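Trainee: Please give me a close look at a single part of this model, starting from one side-chain interaction and working outwards. I'd like the cut-offs explained as you go.

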Amino acid sequence: MAQPVLARTRAAHVPAAAPASRVEVAGTAPAPGRVEFRLDGDALTEAAVALAAARADVVRLVHSAALPTPASVRALVDVLEDEVRAVGRDRADVRLVLEVDAVVAADDADAARRRERLAYAEAFSGATWSATATWLVGTPARLVDDARDLAARTGVDAVALALVGGSAAHGPALAAAAAS
């Protein structure tokens with residue numbers, strides 16, 4: 001599968017004065033009247049990036065073969081910021097959200113076991129990117145801290161935790177922890 005070329009020559013990067021990074025739980029419906037774009041897998045094309053920069057209120061980024069690491073997310077954020085400026089929009093008008101699969105663990109030992117099982121499953125899955133590099137696994141407090149760190153490293157405005165399996169039951173507690 002051909003990878004889209006996202007790098008462009010540009011002036012020195014000046015980081016946007018982004019609001020404080022936030023953590024949220026994925027799965028909420030978009031607000032009425034807001035335009036959202038989801039950039040993942042095959043949808044991650046130059047045309048989609050340009051259209052998202054020109055029209056979107058919210059751009060949701062999702063790890064895929066085309067976006068396999070936090071570093072690739074950071075590079076895409078830079079490209080999106082350049083595109084937003086190129087079409088004459090203010091960066092503050094476009095909210096960038098990284099959706100990350102997350103697993104809630106009871107304690108640190110449980111988190112270590114779950115990470116080990118994830119690595120084992122990944123080894124036999126044939127996936128085109130590494131789940132161990134893109135998933136967050138930990139206690140609720142640790143997930144919120146890791147998500148905030150990930151938002152800071154990638155330059156997104158928020159990280160949305162897509163809770164996997166039984167972890168979805170922890171959604172309200174995680175939303176409360178993220179709000180504090």
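**A loop serine and the helices around it**

Mentor: The side chain of Ser64 reaches the backbone nitrogen of Gly41 at 3.0 Å. That is a polar contact, meaning a pair of N or O atoms within 3.5 Å; within protein, one atom must be able to donate a hydrogen and the other to accept it, and residues adjacent in sequence count only if both atoms are side-chain atoms. Before we go on, please keep in mind that this is a predicted model: local features need pLDDT of at least 70, side-chain atom pairs count only at pLDDT 80 or more, and totals for chains, interfaces and linings use all residues. Residues are numbered from 1 along each chain as its sequence is written, and side-chain values use heavy atoms, with hydrogens and water left out.

Ser64 belongs to the loop that joins S3 to H2. Here helices (H or I, at least four residues) and strands (E, at least two) are DSSP runs, numbered from the N terminus. With a relative accessible area of 4%, Ser64 is buried; the word means under 20% relative accessible area, while exposed means over 50% and partly exposed lies in between (1.4 Å probe, protein chains only). Leaving out residues up to four places away in sequence, Ser64 touches Asp40, Gly41 and Trp129, where contact means heavy atoms within 4.5 Å.

Another loop residue, Leu44, sits between S2 and H1. Leu44 is buried too, at 3% relative accessible area. Its C-alpha is 7.1 Å from that of Ala66, although the two residues are 22 apart in sequence. A longer stretch of chain separates Ala133 from Pro68: 65 residues in sequence, but 8.0 Å from C-alpha to C-alpha. Ala133 has its place in helix H4 and is partly exposed, with a relative accessible area of 39%.

Now follow the chain into H2, which has 17 residues and reaches 24 Å from its first C-alpha to its last, close to the 24 Å expected at 1.5 Å a residue. That expected span is 1.5 Å times one less than the number of residues in the helix. H2 is mostly covered, with 12 of its 17 residues buried. Among the buried ones are Pro70, Ser72, Leu76 and Leu80, and also the charged-type names Asp78, Glu81, Asp82 and Glu83. What covers the buried residues of H2 includes strands S2 (36–39), S3 (58–62) and S4, along with helices H1 (46–55), H4 (131–134) and H5. After H2 comes Gly88, with a positive phi near 85°.

H5 (residues 140–154) deserves its own look. It has 15 residues and reaches 21 Å from its first C-alpha to its last, close to the 21 Å expected at 1.5 Å a residue. Its buried residues are Leu143, Val144, Asp146, Ala147, Leu150, Ala151 and Thr154. They cover an arc of only 165° around the axis, which puts them on the same side of H5; the arc is that of the directions from the helix axis to the C-beta atoms. Those buried residues pack against S1 (22–25), H2 (70–86), S4 (95–104), S5 (136–138), S6 (158–163) and H6 (171–179). H5 is followed by Gly155, whose phi is positive, near 85°.

These pieces lead us to the nonpolar cores. A core of this kind is a set of buried Ala, Val, Leu, Ile, Met, Phe, Trp, Tyr and Cys residues joined through side-chain atoms within 4.5 Å. The largest has 38 residues, and those with the most contacts inside it are Val59, Leu61, Val156, Val159 and Leu161. Its largest share, six residues, comes from H2. Apart from it lies another core, of six residues, including Val103, Ala111, Ala131 and Val137. Back in the largest core, Val159 is in contact with Ala147, Leu150 and Ala151, among others, once its neighbours within four places in sequence are left aside.

For the wider setting, the protein chain has six helices and six strands. Buried residues make up 41% of its 180 residues. Of the contacts with a separation of 6 or more, 72% join residues 24 or more positions apart.
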